[in-house]
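Trainee: I'd like to go through this model with you and ask how we justify the words we use for it. Could we put it on the screen?

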Amino acid sequence: MLFALLLFAALGDAFAQGDAKRGQYLAKAGGCVGCHTEDREGATPFAGGRALQTPFGTFYGPNITPDQQAGIGRWSEADFIRALRHGVRPDGANYFPSFPYPSFTRITDSDLKDLWAYLRSLPPSARANQPHDLRFPFGWRWLVWIWKWLFFTPGPFQPDPAKSGILNRGAYLVDALGHCGECHTPRNFLGGSKKSRYLAGGKLPDGKGVPNLTPTRLKKASDKDLKDFLQTGQTSDGDVVAESMGEVIRNTTSQLTPPDLEALLAYLRSIAPLPEEKK
Amino acid sequence: MKSKLAVVTFALLLGVTLDAAAQAKPEVLVKQRQAAMTLQGKYLGPLGAMAQGKAPFNAQIVQRNAGYLEVLSKMPWDGFDASTKGEKSAALPAIWEKAGEFKQAQERFENEAAKLVQVAKSGDEGAIKAQIGATAKSCGGCHENFRQKN
């Protein structure tokens with residue numbers, strides 16, 4: 001009895017602490033390294049600096065290593081959970097939604113704890129953050145309140161009991177961690193995702209095309225083709241994917257366990273087919 | 001005087017002839033450049049599979065394909081003649097609007113392909129796989145900004 005209690009306490013503690021190893025996998029599934037690492041050879045992972053160009057200006061991903069000054073070394077776990085769940089900084093100000101918290105809000109508490117444990121285990125980097133370079137008036141952070149009110153629904157992923165475990169896992173990987181919709185769902189003029197066009201692709205504000213991930217398009221490809229593509233970045237005829245997705249494939253989809261990759265595809269095959277965006 | 005005129009005439013004629021040889025019809029240029037890139041895909045594809053561990057590593061095939069790719073890497077570019085702007089293809093106007101960047105992207109691929117030839121000779125499997133990745137990345141870098149995604 002005592003042993004069982006001790007074991008339970010130890011396990012409970014392990015869960016409460018978060019598991020850095022699981023967190024490492026979740027960080028891959030979330031593609032964190034992409035925006036939080038400079039785009040040059042030899043850049044320190046998670047030390048920030050990637051430029052994200054948008055119609056509202058250029059955002060720079062911040063340093064998320066545990067450095068006391070430059071990184072998030074002074075944060076608490078609760079700060080981290082609040083940042084991802086609610087899009088709020090430790091000082092209470094809103095993050096710009098270039099940080100994809102509309103997706104990350106769906107990450108479960110236990111996964112957030114594991115992610116936090118992993119980020120704490122990284123070597124601190126003193127790389128200083130650079131301020132975002134935003135067009136007037138989008139640099140006004142308080143405007144994000146309105147944006148959030150319009151477009152942001154906080155709350156963790158709730159599995160659909162009517163669906164299989166695989167489909168729920170796939171939904172979680174695509175909608176929460178993978179934040180696929182941040183690029184594959186078209187946005188309105190205020191940068192809010194068009195919910196009725198979820199994952200239907202179209203054009204990014206900079207005019208670049210993004211493929212439709214609903215069955216309308218994916219039905220043309222076999223599971224093997226899609227798996228190969230998400231692992232190698234190449235299609236069966238040797239075509240090479242453009243680098244924005246190439247990076248996602250290197251950092252995320254090629255790193256997924258085979259069951260997770262299956263779940264991801266099963267979920268995409270299960271969603272409602274939406275027609276291609278009008279050109 | 002007459003001989004000078006002959007030289008100039010000859011030079012002009014030669015110029016016109018060379019130009020005509022280089023100036024295939026726009027639709028032909030598009031077809032040819034696409035063919036060059038199709039072949040790049042043909043010879044890069046199996047290497048990508050090897051780099052990802054989806055196919056058994058074969059140093060000989062890597063060496064052979066790397067040699068092909070080095071030559072093929074130079075071929076598509078003169079097909080992006082301004083005369084082809086109006087042709088139906090995935091080529092974006094940025095190719096001509098940002099000609100300098102396009103040129104850099106070409107050179108990046110040519111350099112990576114040339115480096116792959118060198119690394120392939122070394123027999124160092126890890127280095128070869130990394131260089132295959134770098135070569136594919138240079139393809140994707142160009143596709144990112146200069147090819148219409150769909």
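**Justifying the words**

Mentor: Chain A carries 13 helices and 5 strands. Keep in mind that this is a predicted model.

Trainee: What makes the radius of gyration of chain A agree with a compact globule?

Mentor: Set the value against the rule: for 279 residues a compact globule would come out near 19 Å, and chain A has 19 Å, so the two agree. Along its principal axes, the C-alpha trace spans about 60 × 55 × 40 Å.

Trainee: How many of the residues of chain A count as buried?

Mentor: The share is 34% of the 279 residues. To be counted, a residue needs 20 or more other C-beta atoms within 10 Å of its own.

Trainee: Which domains does chain A have, and where do the bounds come from?

Mentor: The domain assignment gives domain 1 (18–156) and domain 2 (160–279), and such bounds come from an automatic or database assignment. Their centres, taken over C-alpha atoms, are separated by 22 Å. The contact between them takes 21 residues from domain 1 and 20 residues from domain 2 of chain A. On the domain 1 side, H2(A) gives the most, with 4 residues. That side divides into 13 nonpolar, 6 polar and 2 charged residues.

Trainee: Why do we say that the largest nonpolar core lies between the domains?

Mentor: Both domain 1 (18–156) and domain 2 (160–279) of chain A give residues to this core, so it lies between them. The core has 40 residues, and those with the most contacts inside it include Leu84(A), Leu115(A) and Leu177(A). Among the elements giving two or more residues are helix H4 (77–86), helix H8 (165–177) and helix H13 (258–270) of chain A.

Trainee: What is Leu177(A) in contact with, leaving aside neighbours within four places in sequence?

Mentor: Leu26(A), Ala29(A), Gly30(A), Ile107(A) and Tyr172(A). A contact here requires C-beta atoms within 7 Å. Another core, of 29 residues, lies apart from the largest one, and includes Val240(A), Ala242(A), Leu69(B) and Ala120(B).

Trainee: And how many residues of chain A are in contact with chain B?

Mentor: 19 residues of chain A, meeting 19 residues of chain B. Strand E5 (209–210), helix H11 (223–232) and helix H12 (243–251) of chain A each give two or more residues to that side. By class, the chain A side has 5 nonpolar, 9 polar and 5 charged residues.

Conventions:
Residues are numbered from 1 along each chain as its sequence is written. Chains are lettered from A and ligands numbered from 1 in the order in which they are written. This is a predicted model: local features need pLDDT of at least 70, side-chain atom pairs count only at pLDDT 80 or more; totals for chains, interfaces and linings use all residues. Two residues are in contact if their C-beta atoms, placed from the backbone, lie within 7 Å. Ala, Val, Leu, Ile, Met, Phe, Trp, Tyr, Cys and Pro count as nonpolar, Asp, Glu, Lys and Arg as charged, and the others, Gly among them, as polar. A nonpolar core is a set of buried Ala, Val, Leu, Ile, Met, Phe, Trp, Tyr and Cys residues joined through C-beta atoms within 7 Å. A residue is buried if 20 or more other C-beta atoms lie within 10 Å of its own, exposed if 12 or fewer, and partly exposed in between; C-beta atoms are placed from the backbone. The radius of gyration is taken over C-alpha atoms; the globule rule is 2.2 Å times the number of residues to the power 0.38.
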